[in-house]
Amino acid sequence: MSIPTKEEQAERLKNLERTSSISVEDGAYIISAKWMINYKAAIGFNQFDPANVEVGPIDNSEIADPENKSRVAKTKGENTDFYIVDKTEWDVLYGWYGCNNIIKLEVVMDEVENKPISIVYYQKLTVVYGEEKKDIEVHKYMYAKDILAKARELFNIPADKQLQLIDYLNGNYVALMDEDSYLKRYNLIDGQLIAVNYKDENDEWKIKKPTQVEYLTKLAMGSTPTTAASTTMRSRYGYDEGKPGRHGFNNLGNTCYFNSGTQCLMHTMPLIQYFVDGRWEQWINRENKLGSHGCLATAFNSICQQMWSDNTSGAIRPSELKAAIGGFNSRFSGYEQHDSHELILFMLDGIHEDLNRCKVKPQVEPVIGDGANDEAIADESWKRCKLRNDSIIVDHFYGLLRSQLLCPNCQKTTVVFDPFLTVELPLARENERKIHVSFIPKDIKAKWTEFNINIRTSEIANVNLISKLVSEKLGKEVLCIPAALNTENFSIKFGFPDTYESRLQAVVFEIDSQDKFYVPVLIVGSVASQYNPNYFNAQPITPPFLIEVDDLSLEEDKYKDIVLERLKPVLDTKSEIELTEDAKNFLARIKKEPEEGQEAPEFAVNFQKDYWKNVQSPKPSKHVKCASANGVVVTADISKLDMNVLVQNVPSNAYGYSSKHTSTDTIPLDRCFNLFSTVDTLDEQNQWHCPHCGQFVCADKKMEIWRCPEVLVIHLKRFSGEGYYVKKDSTLVDFPEELDMAPYIRGKTDQSTHYKLYAVSEHMGSMGGGHYIAHAIVNGKWYKFDDSSCYESSYEDAKSPLAYVLFYQRIDK
């Protein structure tokens, strides 16, 4: 097959990727990421000039399993080490270039999601049937009933014999496996045992699920299924032996949120002592329809006993508790990522209902006040709450909130008191966005300045207001254009980012006048590939800057003159300035000299509308004039430019090669409490029904803490927005190790208002993804719990921009 031109290949590949679709019939194929990236650079796939590199046969040798070349090594990952392509794309690329190691994948239909799934990795399991054992190979999209069918063949089991499949890790009954569930549900370990259970001559199952007494007996002997699981995991991954209170939890599949939240509860000593000494059992309420019939409390106790036993070693597998919380609330039944704060709330609520001392819940009417007799109304509200809710959770975790609403229609005040489990503190006002921006001065040699501005969402496109806010931060008056800088290719979109992606960075360009047009300019050069330093791609080597023009229809020569004038300060000069490590690394990848036998490029400017297709501007307004689909691309002799100056402001995550930008701002916890108690006017979507005039109104609402519990759980509300437009605020909240709540409590109290921090649930990443860990105090020392692992930590480590849920306990002072 003849190979088309590079341009034709690039166009064909784009069409193939756009229409790619794997199927069960045709399977799928693996292509090394290293080969694919080199190939795309060679054909100019990303709209830059093709790189001067050779393309050989598809080379999968580095990603193949050494023991089975037809499979991918289990240490290699999709989209980092290899890509999966459909048969059509494979046939084309294989026809052009061939392959030295073909890896074809089986494709199965995920009947739950109704979509085809490529099977990349396989597991070996040992099936136990009576005294016999045989190895089988499986993948996570096989049903448990498929394993039973395979077992009937292996062990010649009659078709009419009733069977069960048991997760039998290390010879212990872990779980009965649902025949109609995929194996991925059970997070099986490569090489572990699974048992085919059958009935004996007495018509009883040969392998029986241990009773609670048997389970605790095994616990005391250090041989529970969880302990056995942790031993296997420890031997594989080298975890250290644990001590009481210092055990990680195995990740059962996207369950880091569960592990983080549960770790914090496992180190809440008033709660743990209640379980460890057995007091919880006398209050088990199996008849409460709002609870889990005791399952959640029982499972929580089981983990408590293991966590604080002298006989437990290594990490704990919390399968029973995970199943119990999933039974109590179905959102936690699967293995998708969730929120640790929500997990904490539902865990506490479920344990509360399981141990609720109120066997009969009477109907109670809410108590409404007008602000004149708060103490009496608060006491009566608490009394009525306790008629329906009375448990260890209420004893230690329940506080009381005072809510005041002022009706704008009848001017009547309504005050109600409600119990709370956690205090949810905002980091910014409702309907307000905090945007971390980089200010780009007109002076091309100047360093950018970074800061946060707070702006109401309704004013996000108000250029004059943005200029005012930036001026206040800088201490001088400036005019600005807001924009979103795409750090993957340095393209820009005028206006602040309206989606929350790590690659979009908010910037403001300083300008002279709102009566001119402003056109973005990029300097393009050759930058070494991330994967092979000998391969170079043509791409921007500096962030964009703006030029000012009176008319967009200028000739290119005129644009060239304007750009040259703008670049004068960095032509034929060399500055000695201190660069960041990211800037140094980026500069090192830029080719400074032309290839041997080639001349340095002449200074030239041109429009590349295809490249700049993502450049957009706001609708024409009096605020500012921006170029709308025009961008100037400059080629130049790099050796004549002051590159130290030009790269000093390269974003830390340019082209995705470095760490994500995080805010360095800090706000004190005190400000969060003040924001919590700030009067806020309800919007049209959240109107309140006034009991006095009977109208739905946008009332003024004020929330205050009336009574503080012994265990104070604080949720830092880092996420805002809805659906796709959810943003995380990663500002560092300066929370103290010892907290005096006196300034924030409205009601009178004769108890200590001093609290000590003892646990923190942390979240890194974005909404719906990322990773959760926990920090907690054990015997006076801080420890970090990262799924299975446990390390020594400190208060300073726990106080980071990742802090999400804070746990404080009352102390005498």
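Visitor: Why is Cys 256 called buried?

Guide: The relative accessible area of Cys 256 is 3%. Buried means under 20% relative accessible area, exposed means over 50%, and partly exposed lies in between, with a 1.4 Å probe and protein chains only. Since 3% is under 20%, Cys 256 is buried. The model is predicted: local features need pLDDT of at least 70, side-chain atom pairs count only at pLDDT 80 or more, and totals for chains, interfaces and linings use all residues. Residues are numbered from 1 along each chain as its sequence is written, and side-chain values use heavy atoms, with hydrogens and water left out.

Visitor: What makes Cys 304 count as buried?

Guide: Cys 304 has 0% relative accessibility, which is under the limit, so Cys 304 is placed in the buried class.

Visitor: How many disulfides does the structure hold?

Guide: A disulfide is a covalent bond between the sulfur atoms of two cysteines. The criterion applied here is a pair of cysteine sulfur atoms within 2.5 Å. The structure holds zero disulfides, so no pair of cysteine sulfur atoms meets that criterion.

Visitor: What makes helix α7 largely enclosed by the rest of the structure?

Guide: Helices are DSSP runs of H or I with at least four residues, strands are runs of E with at least two, and both are numbered from the N terminus. Helix α7 covers residues 256-266, and 11 of its 11 residues are buried, so the helix is largely enclosed. Among the buried residues are Cys 256, Asn 259, Gln 263 and Met 266.

Visitor: Why is Ser 471 classed as buried, and which residues does it touch?

Guide: Ser 471 lies in helix α14, residues 463-474. Its relative accessibility is 12%, under the 20% limit, so Ser 471 counts as buried. Contact means heavy atoms within 4.5 Å. Not counting residues up to four places away in sequence, Ser 471 touches Lys 476, Glu 477 and Val 478.

Visitor: What makes a set of residues a nonpolar core, and which members of the largest one touch the most others?

Guide: A nonpolar core is a set of buried Ala, Val, Leu, Ile, Met, Phe, Trp, Tyr and Cys residues joined through side-chain atoms within 4.5 Å. The largest core has 93 residues, of which Phe 300 and Leu 669 touch the most other members. Helix α9 (residues 295-307) gives the most to this core, with seven residues. At least three residues come from each of domain 3 (247-356 + 391-398 + 709-812) and domain 4 (402-420 + 434-515 + 643-656 + 665-707), with bounds from an automatic or database domain assignment. A second, separate core of 41 residues includes Ala 483, Ile 523, Val 570 and Val 647.

Visitor: Which residues are in contact with Leu 669?

Guide: Leaving aside neighbours within four places in sequence, the contacts of Leu 669 include Leu 425, Ile 714, Leu 716, Leu 806 and Tyr 808.

Visitor: How do you know that strand β31 is paired with strand β14 and with strand β40?

Guide: Two strands pair if DSSP finds at least two bridges between them. Strand β14 (residues 423-426) and β31 have four bridges, in the parallel sense, and Glu 424 has His 715 in β31 as its bridge partner. Strand β40 (residues 803-811) is joined to β31 by five bridges and runs antiparallel, with Ile 714 opposite Leu 806. Both counts satisfy the criterion, so both pairings stand. Six of the seven residues of β31 (residues 711-717) are buried, so this strand is largely enclosed.

Visitor: Why are β4 and β6 said to stand at the edges of their sheet?

Guide: The open sheet has the order β4-β1-β5-β6, with antiparallel pairing. β4 (82-85) and β6 (115-119) each have a single partner strand, so one side of each is left without a neighbour in the sheet. The twist averages 40 degrees from one strand to the next. Angles are taken between N-to-C directions, from 0 to 180 degrees, using axes fitted to C-alpha atoms, for helices over the stretch in contact.

Visitor: How do you know that β1 and β5 are paired, and which helix lies across β1 and β4?

Guide: Two bridges join strand β1 (residues 28-32) to strand β5 (residues 104-110), so the requirement of at least two is met. Ala 28 stands opposite Leu 105 in β5. Helix α2 (residues 33-43) lies across β1 and β4 at about 75 degrees to β1. Helix α3 (residues 87-97) also touches β1 and β4, and its direction makes about 50 degrees with that of β1.
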